[in-house]
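I opened this model to look up its core, one strand and one pair of helices. My entries are below the display.

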Amino acid sequence: MITRPPAALLCAVILLLMGANLFSVIARKTITNDEIVHIPSGYHYLVGGDFRQNPEHPALIKMWASLPLLIIRPTPGSFARPPNQDHAAFTVNHSIDFWKANRESFETLIFWSRVPMILLTLVLGVVIFLVGRDLFGSRPAVLAVALFSFEPTMLAHGRVVHTDIAAALAFLVFFFAIYKFFQTTTPARALLLGLAVGFALLAKFSMIVLIPILICALMYAVLRAPVYRTSRGQMVAYAAVALFVPLLAINCCYYFQHPALPKPEIDWLVQNASELSMWSKVALRWFSVPLPTYYVFGLYTVLVHHVAGHQTALLGDYGKLGWWYYFPVVFALKTTIPFLLLSVVSLAWAIWRVLARREMKLALLIIPITIYMAFSMTSRINIGVRHIAPVFPFLFLLGGALLDRLLTRYRSKAAVLFVVLLFGWMFAEAVRAYPNYIPYTNQLTFGKANWEVLSDSNVEWGDDIRELAKYLRDRGETKIYGALAGGWGTIEMYGVQMIDYAPPDIQLSKTRYVAIGAGHLNGSTVSGGMKHEDGLELTNEERQNYFSKYRKEVPEVVFGNSIFLYRRKD
């Protein structure tokens with residue numbers, strides 16, 4: 001008699017294969033644009049205890065990624081900051097100095113910084129399994145993990161030193177912690193809820209959306225305490241624990257530092273005074289009392305970014321303030337079609353089951369998806385599908401639950417064949433995209449290049465610069481004219497000098513090749529503030545079409561579906 005392997009073993013095998021895939025990708029892909037800053041920032045926090053660098057992302061995940069560097073002991077660079085540099089200039093300058101000081105160990109530092117991120121991604125897979133098993137049983141949990149392991153967005157960002165996958169993990173853990181707290185209201189469950197909130201707030205600033213949810217949940221718990229066989233006094237104590245622990249966790253991560261903001265940061269605040277209302281500036285001052293100064297300042301920089309907007313493009317349209325429908329459209333184009341269809345059908349099925357059959361466990365998945373998508377659709381920072389990573393685990397769980405229900409209700413070869421074909425299609429897409437998961441788009445682009453419909457980190461993030469540099473060096477080229485995500489801090493590490501793209505009529509004479517990243521070919525990531533020879537700034541239309549002449553040319557080679565290399569014809 002053949003026995004089925006335990007569900008936990010199947011989950012482990014799936015995640016080990018996913019891990020092997022991620023490790024194989026980091027061996028082939030170099031550092032991304034944001035990692036140029038994140039890795040030295042994390043190391044800076046650990047060895048210098050100085051959080052002025054890259055405050056616009058919380059410190060925890062960068063510190064986690066930098067833990068292996070404590071063994072490697074790279075040269076940290078100077079911690080002294082010129083008195084006239086604000087946090088943005090200091091971040092860029094220190095990052096460049098860090099990589100130049102560690103040129104010989106450049107690849108080693110990248111690899112070992114990404115190892116903790118892969119481990120974090122696999123932990124997300126384990127949590128998906130545990131939540132799925134708790135809610136629906138073992139088979140739905142395994143199916144959810146399988147969906148997770150094949151989806152290109154998870155494979156793209158599961159090995160990158162960034163906050164997106166960590167945010168997905170934190171968002172899932174938070175809602176599971178609330179669910180378990182209301183199942184059994186105990187001090188231990190209150191402590192775990194507080195830790196979950198602390199982790200979330202230290203993972204990504206967008207997790208601030210959890211604060212009103214937490215407060216409402218705790219108020220409800222206090223009011224309904226007798227229902228949970230707990231006195232209101234005890235419930236108030238549990239609520240206090242759930243609120244105090246995150247505050248303590250944030251202060252611990254930032255070493256309990258509450259310094260006064262230096263003059264460059266104050267000047268930056270004055271320069272951006274028009275972006276936010278007076279109440280937000282008052283809040284900045286008051287919140288810096290219980291919370292670390294640079295945690296609050298980092299949150300403030302994100303709010304400024306949101307209000308100011310970000311140059312981006314979608315389906316051929318350009319804008320700075322984004323579109324409410326941006327993330328639904330990007331989700332539709334950046335996920336595999338089988339997972340896209342499964343997500344839509346499983347979400348509709350879950351809503352129907354909740355309304356018609358009162359299957360409230362499904363509501364535990366619908367509510368987080370609804371909250372985060374609604375929150376994201378108000379954002380003016382429309383630069384990547386990665387920003388809605390927190391909804392993916394809940395969709396994997398819904399998909400696993402629906403597929404399991406299909407297999408249970410229709411015990412036929414047709415049902416099994418349907419599930420096999422669905423996973424086969426997803427697997428084929430993962431193989432087709434390998435190792436270029438970051439610029440992946442599905443067949444709904446209808447033959448258009450990814451840069452024609454999307455921009456920024458959806459299509460290019462700099463991790464193909466190593467291959468570009470090798471191609472150039474093999475042909476005796478040591479200079480390149482062009483515009484690349486990450487080109488400002490990466491390509492020189494591989495022995496190639498980057499000549500920036502302005503003004504092209506002067507700089508082109510110095511190179512035989514022109515390299516244009518997909519985001520710049522799109523035009524949305526071409527820098528603002530560029531000027532004509534007469535000193536007038538380029539208009540938005542001129543900036544967006546800065547590289548338009550290359551859009552119709554055939555590149556000599558394309559690296560990773562994200563960098564287009566053209567040989568000069570003259």
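The entries cover the setup, the core, the strand and the helix pair.

Setup. I am working with a predicted model, in which local features need pLDDT of at least 70, side-chain atom pairs count only at pLDDT 80 or more, and totals for chains, interfaces and linings use all residues. Residues are numbered from 1 along each chain as its sequence is written, and side-chain values use heavy atoms, with hydrogens and water left out.

Core. I looked up the largest nonpolar core (buried Ala, Val, Leu, Ile, Met, Phe, Trp, Tyr and Cys joined through side-chain atoms within 4.5 Å; buried is under 20% relative accessible area, 1.4 Å probe, protein chains only). It has 180 residues, and Trp99, Leu193, Phe547 and Leu565 touch the most other members. Helix 9 (residues 164-183) gives the largest share, 14 residues; helices are DSSP runs of H or I, at least four residues, and strands of E, at least two. Leaving out residues up to four places away in sequence, Phe547 touches Ala483 and Ile516, among others (contact: heavy atoms within 4.5 Å).

Strand. I found 5 of the 5 residues of strand 5 (residues 513-517) buried. Strand 5 pairs (at least two DSSP bridges) in the parallel sense with strand 3 (residues 479-483) over 3 bridges, with Ala483 opposite Ile516. Strand 7 (residues 563-567) runs antiparallel to strand 5, joined by 5 bridges; there Leu565 is the bridge partner of Ala515.

Helix pair. I checked helix 6 (residues 106-135) against helix 7 (residues 138-150). Their axes (lines fitted to C-alpha atoms over the stretch in contact, angles from 0 to 180 degrees between N-to-C directions) come within 7 Å and cross at roughly 150°. Helix 6 and helix 7 are therefore roughly antiparallel (over 145 degrees).

Terms used: Buried means under 20% relative accessible area, exposed over 50%, partly exposed in between (1.4 Å probe, protein chains only). Angles under 35 degrees count as roughly parallel, over 145 as roughly antiparallel, 65 to 115 as roughly perpendicular and the rest as oblique.
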